[in-house]
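Visitor: I would like to learn how to read the features of a protein model step by step. Could you give me the general idea each time and then the case at hand?

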Amino acid sequence: GAEFEYLEAWKVEGIYPSAGPESGGGTVTVMGAGFGERGVFGCKFGGLDEVIAAQRLSSNKLKCRAPMHKPGKTTVAVSGNGVDFQYSAMVYAYAAVPVVSEVRPTFALTHGGSTVTVVGTGFSYGGMLFCQFGLDSPAIRATHSSASHVTCTVPPHGTGRREVLIKVFDDIILSTMDFVFVDGPRVLDLNPKHGHLLGQTVVNI
């Protein structure tokens, strides 16, 4: 006869990231419990009927891609058998897709440390955006200034022309723009390092 297997109860305890663009496509990591080896896991976002196949990473971690959804907040549900979904209190916020218009300045010194400003619209969730200066460099989380401006700190890099990629988390590329790393003066030491309040001290750089 047919067999029926009881699986450990699954539950959701956290998600990362907790926001993404309405276009979907971003990877969402689901933390929880009961994600056993024999389960067939899937995710649902909000009231959508679509079941997103989840990749099991461990007994307490899954990964799934967010589907398209209109802007707003949704809850995330997980199933271990494709039928029974356990809804959670975890909220995933959909935002309008950010639009990048420019990056300024478009150059930096090779030793890094300077700041570039990304200008555009729809930067509602500042933690969503990253800058990547060439494919051989890590993505740098942008600092949120306003809905139209974020800033990124430029990492050290060799001289030459690179593309700066503006990304939503590390998944979705919003824009690519030309960026140039150039050699320039760099202060290594000062002598003397102290002077009189009235000034006129000669300093060797």
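Guide: We shall go through a sheet, the nonpolar cores, the salt bridges and a surface patch in turn. Please keep in mind throughout that this is a predicted model.

Visitor: Let us begin with the sheet; what is its strand order, and is it open or closed?

Guide: As a general idea, strands of a sheet pair through backbone hydrogen bonds, in either a parallel or an antiparallel sense. Here five strands make an open sheet in the order E2-E9-E8-E4-E5, and the pairing is mixed. Strand E2 (19-21) and strand E5 (52-53) stand at the edges with a single partner strand each, so one side of each has no neighbour in the sheet.

Visitor: How many bridges join E8 to E9, and which residue in E9 is the bridge partner of Thr75?

Guide: Strand E8 (residues 72-79) and strand E9 (residues 85-95) run antiparallel and are joined by seven bridges, and the partner of Thr75 in E9 is Val91. E8 also runs antiparallel to E4, to which four bridges join it, with Phe45 standing opposite Val76 in E8.

Visitor: And how should I read the link between E4 and E5?

Guide: E4 and E5 pair in the antiparallel sense over two bridges, one residue pair being Gly42 and its bridge partner Ala53 in E5. The two strands form a hairpin with six residues between them, and Gly46 in the turn has a positive phi of about 60°.

Visitor: Are the faces of strand E4 covered or uncovered?

Guide: The general idea is that side chains in a regular strand alternate between the two faces of the sheet. In strand E4 (residues 42-45) both faces are covered, as Gly42 and Lys44 on one side are buried, and Cys43 and Phe45 on the other are buried as well.

Visitor: Turning to the interior, how many residues has the largest nonpolar core, and which of them have the most contacts inside it?

Guide: In soluble globular proteins, nonpolar side chains tend to be buried together. The largest nonpolar core of this model has 25 residues, and those with the most contacts inside it are Val116, Val118, Phe133, Val154, Ile166 and Phe179. At least two residues of this core come from each of E9, strand E10 (99-104), strand E12 (115-121), strand E13 (129-133), strand E16 (149-153), strand E17 (160-168) and E18, while E13 supplies the largest share, four residues. Apart from this core lies another, of 18 residues, including Val12, Val28, Leu62 and Val78.

Visitor: If I select Val154, which residues does Val154 touch?

Guide: Leaving aside residues up to four places away in sequence, Val154 touches Ala108, Gly112, Gly113, Ser114, Val116, Phe133, Phe179 and Phe181.

Visitor: How many salt bridges does the count come to, and which side chains meet in them?

Guide: Side chains of opposite charge can pair when their charged atoms come close. The count comes to two salt bridges. In one, Glu13 and Lys11 meet at 3.6 Å, N to O; Glu13 is partly exposed at 46% relative accessibility, and Lys11 is partly exposed at 42%. In the other, the closest N and O atoms of Glu102 and Arg104 are 3.2 Å apart, with Glu102 partly exposed at 32% and Arg104 partly exposed at 40%.

Visitor: Finally, which residues make the nonpolar surface patch?

Guide: Val187, Leu190, Val203 and Ile205 make a patch of about 400 Å². Val187 is found in the segment after strand E18 (172-182), and with a relative accessible area of 57% Val187 is exposed.

Methods. Residues numbered from 1 in each chain as written. Predicted model: local features only at pLDDT ≥ 70, side-chain atom pairs only at ≥ 80, totals over all residues. Heavy atoms only, no water. Patch = residues over 30% accessible without salt bridge, like charges linked within 9 Å, V, L, I, M, F, W, Y side chains within 5 Å. Areas by Shrake-Rupley, 256 points an atom, 1.4 Å probe, with all protein chains shown as cover. Salt bridge = Lys/Arg side-chain N within 4 Å of Asp/Glu carboxyl O. Buried < 20%, exposed > 50% of the residue type's maximum accessible area, 1.4 Å probe, protein only. Pairing = 2+ DSSP bridges. Core = buried A, V, L, I, M, F, W, Y, C linked by side-chain atoms within 4.5 Å. Contact = heavy atoms within 4.5 Å.
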